[in-house]
2 protein chains.
Amino acid sequence: MENRELIQFGLHLKKLRMERGLSQEQLGLIAELDRTYISGIERGIRNVGLINIFRIARALNILPAQLFSIEEK
Amino acid sequence: MENRELIQFGLHLKKLRMERGLSQEQLGLIAELDRTYISGIERGIRNVGLINIFRIARALNILPAQLFSIEEK
């Protein structure tokens with residue numbers, strides 16, 4: 001159940017990244033995170049913490065809330 | 001700088017919790033997290049991971065994005 005949420009989060013991040021024409025490596029460089037870490041997030045296997053959530057949002061030039069604007073409940 | 005973001009996040013969580021009339025202990029019980037962990041988040045000293053972010057949002061009956069609807073840039 002929680003895995004599903006990580007996977008959804010990862011797919012959403014991937015979509016946001018690709019919409020900006022960035023590779024995982026490029027996003028990693030901007031966010032100062034390793035490419036393999038970005039890859040892990042997108043595959044839903046990383047339990048990303050707040051500090052990196054804020055860092056990724058800044059790198060994508062979006063608000064942190066937009067990283068979570070996934071579910072239409 | 002990132003500390004400031006954790007502190008903002010914590011203050012926002014505290015506001016959301018208190019608006020619902022919940023103590024830290026009550027929120028902890030609902031979210032299945034320790035009261036001291038909730039306290040640490042609210043003081044901006046915990047780098048909360050996605051799994052617990054989703055858990056806290058569920059406990060407050062809000063969308064995860066609402067935990068981040070802080071900054072009016």
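Colleague: Why is B:Glu19 called exposed?

Modeller: This is a predicted model, by the way. B:Glu19 has a relative accessibility of 52%, and exposed means over 50%, so B:Glu19 counts as exposed.

Colleague: And what makes B:Lys15 partly exposed?

Modeller: B:Lys15 has a relative accessible area of 48%. The partly exposed class runs between under 20% and over 50%, so that's where B:Lys15 goes.

Colleague: How do you know that B:Glu19 and B:Lys15 meet in a salt bridge?

Modeller: Their side chains come to 3.1 Å, N to O. The rule asks for a Lys or Arg nitrogen within 4 Å of an Asp or Glu carboxyl oxygen, so this pair passes. The two residues are 4 apart in helix α1 of chain B, which means about one helical turn separates them.

Colleague: Why would such side chains pair at all?

Modeller: Opposite charges can pair when the charged atoms come close.

Colleague: What about chain A, which residues are linked in a network of salt bridges?

Modeller: That would be A:Lys15, A:Glu19 and A:Arg20. Over all chains, the structure holds 8 salt bridges.

Colleague: What makes A:Arg17 and A:Glu42 a salt bridge?

Modeller: The N to O distance there is 2.5 Å, and the cut-off is 4 Å, so the pair qualifies. A:Arg17 sits in helix α1 of chain A and A:Glu42 in helix α3 of chain A, so the bridge ties together parts that are 25 residues apart in sequence.

Colleague: Are these two buried or exposed?

Modeller: Buried. A:Arg17 is at 6% relative accessibility and A:Glu42 at 7%, while buried means under 20%.

Colleague: How do you know that A:Glu5 forms a salt bridge with B:Arg58?

Modeller: Their closest N and O atoms are 2.8 Å apart, so they satisfy the 4 Å limit. This pair crosses between chains, going from helix α1 of chain A to helix α4 of chain B. Across the interface of the two chains, the rule finds 2 salt bridges.

Colleague: Why is A:Glu5 called buried, and what is B:Arg58?

Modeller: A:Glu5 has 8% relative accessibility, and the buried class is under 20%, so A:Glu5 belongs there. B:Arg58 has a relative accessible area of 33%, so B:Arg58 is partly exposed.

Colleague: How many residues of chain A are in contact with chain B?

Modeller: There are 21, and they touch 21 residues of chain B. About 2200 Å² is buried between the two chains, with carbon and sulfur atoms giving 67% of that area. The count of residue pairs in polar contact between them is 8.

Colleague: Which elements give two or more residues to the side of chain A that touches chain B?

Modeller: Helices α1 (2-19) and α4 (50-60) of chain A do. The largest share, 6 residues, comes from α4(A). By type, that side of chain A divides into 12 nonpolar, 2 polar and 7 charged residues.

Colleague: Which residues touch the most other members of the largest nonpolar core?

Modeller: A:Leu67, A:Phe68, B:Leu67 and B:Phe68, out of 48 residues in that core. Helices α1, α2, α3 and α4 of chain A and of chain B each supply at least two of its residues.

Colleague: What is B:Leu67 in contact with, leaving aside neighbours within four places in sequence?

Modeller: Its partners include B:Phe9, B:Leu13, B:Leu16, B:Ile53 and B:Ile56. B:His12 is also among them.

Technical notes. Residues numbered from 1 in each chain as written. Chains lettered and ligands numbered in written order. Predicted model: local features only at pLDDT ≥ 70, side-chain atom pairs only at ≥ 80, totals over all residues. Heavy atoms only, no water. Contact = heavy atoms within 4.5 Å. Buried area = accessible area lost by both parts, 1.4 Å probe. Polar contact = N/O pair within 3.5 Å; in protein donor to acceptor, adjacent residues only side chain to side chain. Nonpolar A, V, L, I, M, F, W, Y, C, P; charged D, E, K, R; others polar. Core = buried A, V, L, I, M, F, W, Y, C linked by side-chain atoms within 4.5 Å. Buried < 20%, exposed > 50% of the residue type's maximum accessible area, 1.4 Å probe, protein only.
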